[in-house]
Amino acid sequence: MDARLDMFEDVNTSPSLEGDMSIPGKRTTTTTTAQHGVPEYNTLDEPIRETVLRDMRAVGIKFYHVLYPKEKSSLLRDWDLWGPLVLCTFMATILQGSSSADSMSDNGPEFAQVFVIVWIGAAIVTLNSKLLGGNISFFQSVCVLGYCLTPVALSLIICRIILLSTQTRFLFFLRFVTTTLGFAWATYASFIFLGQSQPPHRKPLAVYPIFLFFFIISWLVLSHN
């Protein structure tokens with residue numbers, strides 16, 4: 001009898017097997033707050049309209065940060081490639097019209113040329129940043145470089161409007177000034193976001209490829225006639 005009582009006592013005093021059955025990585029139906037203070041949303045249960053509108057607002061905020069660059073922004077933390085893809089497609093569509101109307105086969109390579117320059121160029125700049133000891137991920141850098149094309153895209157729109165009239169030296173000078181401002185703005189904004197991720201003594205080496213990247217794209221904008 002004593003042995004049976006001891007057995008039941010051992011069972012009652014054994015460690016509890018109760019625990020939390022929550023699955024790691026699964027979001028609940030309620031809205032929680034992340035470590036950075038940004039609310040985490042459950043995109044599986046919410047309507048598609050709310051998801052699309054929230055993503056569009058996030059893209060718009062990133063465009064705003066490029067136009068008014070600040071060191072601490074969501075451009076690096078919440079990266080995406082929607083904005084760079086839209087800008088690249090928009091610029092490639094406009095720049096392909098620079099080919100002659102008689103040779104329709106030239107439209108394809110010029111459209112692809114913009115894609116190659118933007119994406120391959122952004123990858124090379126990112127690789128250079130990583131080799132210099134930068135503490136930024138690959139897609140974060142591509143996101144920043146893509147969104148920083150916004151001033152260059154705006155200068156392309158203005159230049160396209162100027163090209164609707166008969167070209168003079170003054171209008172060419174106006175296109176030159178507009179393109180230069182877009183180039184300087186894009187380079188400055190990208191340096192604000194990417195410069196803080198570089199060692200202080202290597203920042204000039206990181207800025208030089210960024211300078212060349214936006215210079216080549218700005219040259220395509222200026223030479224578009």
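C159 has a relative accessibility of 2% in this predicted model, and it therefore counts as buried, the cut-off for that class being under 20%. A second cysteine, C88, has a value of 1% and is buried on the same criterion. A disulfide is a covalent bond between the sulfur atoms of two cysteines. The structure, however, holds zero disulfides, and the surroundings of C159 are better followed through the helices that meet around this residue.

C159 is one of the residues through which helix 7 meets helix 8, and the part taken by helix 7 in that contact comprises P151, V152, S155, I158, C159 and I162. On the other side, helix 8 contributes L171, L174, R175, T178, T179, G182, W185 and A186. Two packed helices are described by the angle between their axes and the distance between the axes. For this pair, helix 7 covers residues 150-162 and helix 8 covers residues 169-194, and their axes come within 8 Å while crossing at roughly 170 degrees. Because angles over 145 degrees are classed in this way, helix 7 is roughly antiparallel to helix 8. Sorted by class, the residues of the contact are nine nonpolar, four polar and one charged.

An α-helix has 3.6 residues a turn, so residues three or four places apart point the same way. With that in mind, the reader may look at the list for helix 7, where S155, I158, C159 and I162 are among the contacting residues, and at the list for helix 8, where L171, L174, R175, T178, T179 and G182 are among them.

T179, which belongs to helix 8, shows how this contact continues towards another part of the chain. Its relative accessible area is 4%, so T179 is buried. Leaving out residues up to four places away in sequence, T179 touches S155 and C159, and it also touches S218, V221 and L222. Helix 9, in turn, spans residues 203-223.

What surrounds I210, a residue of helix 9, apart from residues up to four places away in sequence? The residues that I210 touches are V125, L145, S190 and L194. With a relative accessible area of 5%, I210 is buried. In addition, the C-alpha atoms of I210 and G121 are 9.0 Å apart in space, although 89 residues separate the two in sequence.

One of the partners of I210 leads to helix 6, in which L145 lies. At 0% relative accessibility, L145 counts as buried, and it touches A122, V125, T126, S190, L194, I210, F213 and F214 when residues up to four places away in sequence are not counted. The C-alpha atoms of L145 and T126 are separated by 9.1 Å, with their positions 19 residues apart along the chain. S141 is likewise found in helix 6, which covers residues 138-147, and its relative accessible area of 1% makes it buried. On the same exclusion of residues up to four places away, S141 touches T126, I136 and L194. Helix 6 as a whole is mostly covered, since eight of its ten residues are buried, and these are Q140, S141, V142, C143, V144, L145, G146 and Y147.

T89 offers a contrasting environment in helix 4, which spans residues 82-95. At 30% relative accessibility, T89 counts as partly exposed. Once its neighbours within four places in sequence are left aside, T89 is in contact with F111 and F115, and its C-alpha atom is separated by 9.7 Å from that of A112, which is 23 residues away along the chain.

Seen as a whole, the protein chain comes to nine helices and two strands, arranged from the N terminus in the order α-β-β-α-α-α-α-α-α-α-α. Of its 225 residues, 36% count as buried. Among the contacts with a separation of 6 or more, 70% are accounted for by residues 24 or more positions apart.

An unreviewed UniProt entry carries the annotation "transmembrane region" for residues 111-132, 144-164, 170-193 and 205-222. In the model, residues 144-164 are 81% helix and 0% strand, and their end C-alpha atoms lie 32 Å apart. Residues 170-193 are 100% helix and 0% strand, with 35 Å between the end C-alpha atoms.

Notes. Residues numbered from 1 in each chain as written. Predicted model: local features only at pLDDT ≥ 70, side-chain atom pairs only at ≥ 80, totals over all residues. Heavy atoms only, no water. Axes fitted to C-alpha atoms, helices over the stretch in contact; angles between N-to-C directions. Helix = DSSP H or I, 4+ residues; strand = E, 2+ residues; numbered from the N terminus. Parallel < 35°, antiparallel > 145°, perpendicular 65-115°, else oblique. Contact = heavy atoms within 4.5 Å. Nonpolar A, V, L, I, M, F, W, Y, C, P; charged D, E, K, R; others polar. Disulfide = S-S within 2.5 Å. Buried < 20%, exposed > 50% of the residue type's maximum accessible area, 1.4 Å probe, protein only. UniProt positions renumbered as here; feature names shortened; annotations may be inferred.
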